[in-house]
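Visitor: I am new to looking at protein models, and I would like a close look at one single part, the place where the two chains meet. Could you take me through it slowly, and then show me what lies behind it in the first chain?

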Amino acid sequence: MADLEIKNLHAEIDGISILKGVNLEINKGEVHALMGPNGSGKSTLSSVIMGHPDYEVTEGDIVLDGESILEMDPEERAKAGLFLCFQYPVAVPGVSISNFLKKAMDARHPEGKAPAGPFLKEMRENMAFLEMEPAFANRGLNEGFSGGEKKRMEILQMMMFKPGMVIMDETDSGLDIDALQIVAKGVNKMRGADMGLLVITHYERILTHIAPDRLHILMDGRVVMSGGPELVTKLEEKGYDWVREETAATA
Amino acid sequence: MPTLALPPATEPALLPGFNENVLETARSGEPALLQAKRTAAFEAYTQIQNPEAFHEEYRRLDPKKFKFGSFTRLDIPREAIAYNARPVDEHYDVVISVTPDGIAIEDRADVTGGKVTVQTLQQAALDHTSRIEQHLGTAIRSEEPRKFFELNGAFWNVGFHIHVAKNANLPKGILLRYHNDREGTALLPRLLVTAETGAEFALAEQFTSPDGVSTLCISCREFHLAPNANVKLVSLQDWGNVGIHIGEDWARVQRDAKVDLFSMTLGGVVSKMTVGCNVCEPNASAYLGGLFFADRKQHFDQKTLQFHSAPDTYSNMLYKGAVKDKGYSVYQGIIRALKDCIGVDAYQTNNNLVLDPGSRADSIPSLVIDADELACSHGATMGNLDPEQLYYLRSRGISEPEARRMLVLGFFEEVIERVPFEVMRDRLHEVIEEKLNPFARD
Ligand SMILES: Nc1ncnc2c1ncn2[C@@H]1O[C@H](COP(=O)(O)OP(=O)(O)O)[C@@H](O)[C@H]1O
Ligand SMILES: [Mg+2]
């Protein structure tokens, strides 16, 4: 049984069906890429996995480490080891980065309070690694951040929380090459036997920095094609129309 | 035309508990100047109608809620009493403490006597007669008659004068704390602040009382800023759960001077605060910061007046409020610029969090502009916590109640972060957290 199993997942929002039977299996130690045209349901899938309250799962299951997480609140899913790098992280004015990270670390600590000293040290080290100024920690969370700063903030959290299963929703979109390299540096540092990773993207570019073991193609709410890294090149050459033709032929 | 004023009375209008006899008690044994000031204020007080629910200013706060008639003016002894130090006092240069038993002025840093004066108004009227004569009761605009400003002027039972001389400054600032533990009594504090050219200092005020003890407070503070002076006030209304508060703050700001008036309303059961600034010479500026959080049937009403009586003047106002558990808050503000005042910049923002459907917040911003050329903006927002922010925090493992607390504190932070005293910021965080914790109260 895989560490994360998405089984025949159907989900809707406001009564509109978006996911129509997604199947995916990801193990720790693996990096999977999920690609698909705009509107195919990639962000919806990440929201549903994380437990966004607006979405309703109508069929299927999401199983993490052998247990269904469908009934769990987002905070329980996070504490069970799920982490979502948001495509559009929301700004939270008045809540400083350091305060926010401390509260999130407290929530994970068995006694409900992460000791301040080690916490600060770890935060500073990770920030330095991601080339963030120390004073940045006093800023309001995502408040007035550039696209690159927001994504770095997401990676910083991933590095602090050390999740077992990470979903990155178009983390590369809107990033220049320098910012993308820093993001990739953080991800590659975390990569290892303890973490599974689903890289959702629209472009192949990020996959040259974060090499996937598997690639899946999502179209109209279904995974229509899966393959090894060679599929990345094929898709690059032939585009989604080729995928449509292929899947129409097999359907 | 929007106004904050009550109409004139056709015959003398007295509120229960505040009449000629009480005036006589207040006047007795005082310096002649103060007696004259009280009498003049009394006259003005009787010539303004008593507030009624049908008056525009009281449409959202029935004056019956002030329960006039159930409170007796405290007779606070003028003799100094022993000073009781508290741990927070170390954060201030001077601590003034007032209880029904008397007053204590503690100069902890040896700053007064020279460039800084902190005295009772009675003493100041003897030592600095002309200064008091010129400033006491004059910060207010004559065309904006204020019933409670005048009532306090006639009946105040504890008064202080703070004067900071030319270019002098206070490193830590002054704390004025009032505590009233006498059931059925009225405290009427009066404060006169005069800052000379280039003077700089910050003042904190805090009002406390035990839960369950009914008290009334009618406070009045006046600030006179000479050119280039810089004065900050942080006032924390922290009364126990049945306190009633009426407050009037008025500042007159001259050329290149800057006043910051922070009004924090968190305690008591009914509260009505009016804060007005008159930026009256070019390049004068004022910042009005407000924070209010009404829960458990608290009813808070705040009014602001940004009055621009000279060209090239600046004022900025940010009031942030939250309501929950049948709390009710009202914000009403007026920006007013006189004709021929070009180059005025005036901003007014009121943001409200309505944390449950049983609570209510009203917001009525308005502009009264006679000037033609000015940059003005006013706006209000109203709403519950943002579900996407809540989801974001929860997706990081933070529980829903904790995430709500963080968001409410974050909402208020825009005002709190500008508050000059760290101890005050801490206390604000603490009270807000208490209000958000369903188990800490009751
Ligand atoms: N709140 C919503 N209400 C209705 N439809 C939505 C909503 N959010 C997304 N959708 C629709 O769901 C589909 C998938 O969207 P999304 O998951 O954002 O796609 P992707 O991330 O692959 O671009 C789109 O057709 C989009 O219009
Ligand atoms: Mg998307």
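Guide: In this predicted model, the side chains of A:Asp73 and B:Arg394 meet in a salt bridge, with 3.6 Å from N to O. The pair crosses between chains: A:Asp73 sits in the loop between strand 5 (67-68) and helix 2 of chain A, while B:Arg394 belongs to helix 6 (residues 387-394) of chain B. Side chains of opposite charge can pair when their charged atoms come close. A further example joins the side chains of A:Lys103 and B:Glu402, which meet in a salt bridge at 3.5 Å, again taken from N to O. The count between chain A and chain B is 4 salt bridges, whereas over all chains the count comes to 42.

Charged pairs are one part of the picture, and across the interface of chain A and chain B there are also 10 residue pairs in polar contact, with both residues at pLDDT 80 or more. On the side of chain A that touches chain B, at least two residues each are supplied by helix 1 (42-50), helix 2 (74-79), strand 6, strand 7 (92-96), helix 3 (97-108) and helix 5 of chain A. The largest share of that side, 5 residues, comes from helix 3 of chain A. Sorted by kind, the residues of the side of chain A that touches chain B divide into 18 nonpolar, 6 polar and 7 charged.

The contact as a whole takes 31 residues from chain A and 19 residues from chain B. The size of an interface is often given as the accessible area lost when the parts come together. Here chain A and chain B bury about 1900 Å² between them, and 63% of it lies on carbon and sulfur atoms. Of the area that chain A buries against chain B, A:Glu75, A:Phe86 and A:Val90 supply 27%, more than any other three residues.

Now to what lies behind this side in chain A. Helix 5 (residues 147-161) of chain A lies across strand 6 and strand 9 (165-169) of chain A, running at about 165° to strand 6. Both strands appear in an open sheet of 6 strands in chain A, with the order 6-9-10-3-11-12 and mixed pairing. Its edge strands are strand 6 (82-85) and strand 12 (222-227) of chain A, each of which pairs on one side only, and the twist averages 20° from one strand to the next. Within this sheet, strand 3 (residues 31-35) and strand 10 (residues 196-201) of chain A pair in the parallel sense over 5 bridges, and A:Met35 stands opposite A:Thr201 in strand 10.

Strand 5, which we met beside the loop of A:Asp73, belongs to another open sheet in chain A, one of 4 strands with the order 2-1-4-5 and antiparallel pairing. Strand 2 (16-26) and strand 5 of chain A stand at the edges with a single partner strand each, so one side of each is left without a neighbour in the sheet. Between them in that order, strand 1 (residues 4-13) and strand 4 (residues 55-64) of chain A pair in the antiparallel sense over 8 bridges, and the bridge partner of A:Leu4 in strand 4 is A:Leu64.

Technical notes: Residues numbered from 1 in each chain as written. Chains lettered and ligands numbered in written order. Predicted model: local features only at pLDDT ≥ 70, side-chain atom pairs only at ≥ 80, totals over all residues. Heavy atoms only, no water. Pairing = 2+ DSSP bridges. Axes fitted to C-alpha atoms, helices over the stretch in contact; angles between N-to-C directions. Contact = heavy atoms within 4.5 Å. Buried area = accessible area lost by both parts, 1.4 Å probe. Polar contact = N/O pair within 3.5 Å; in protein donor to acceptor, adjacent residues only side chain to side chain. Nonpolar A, V, L, I, M, F, W, Y, C, P; charged D, E, K, R; others polar.
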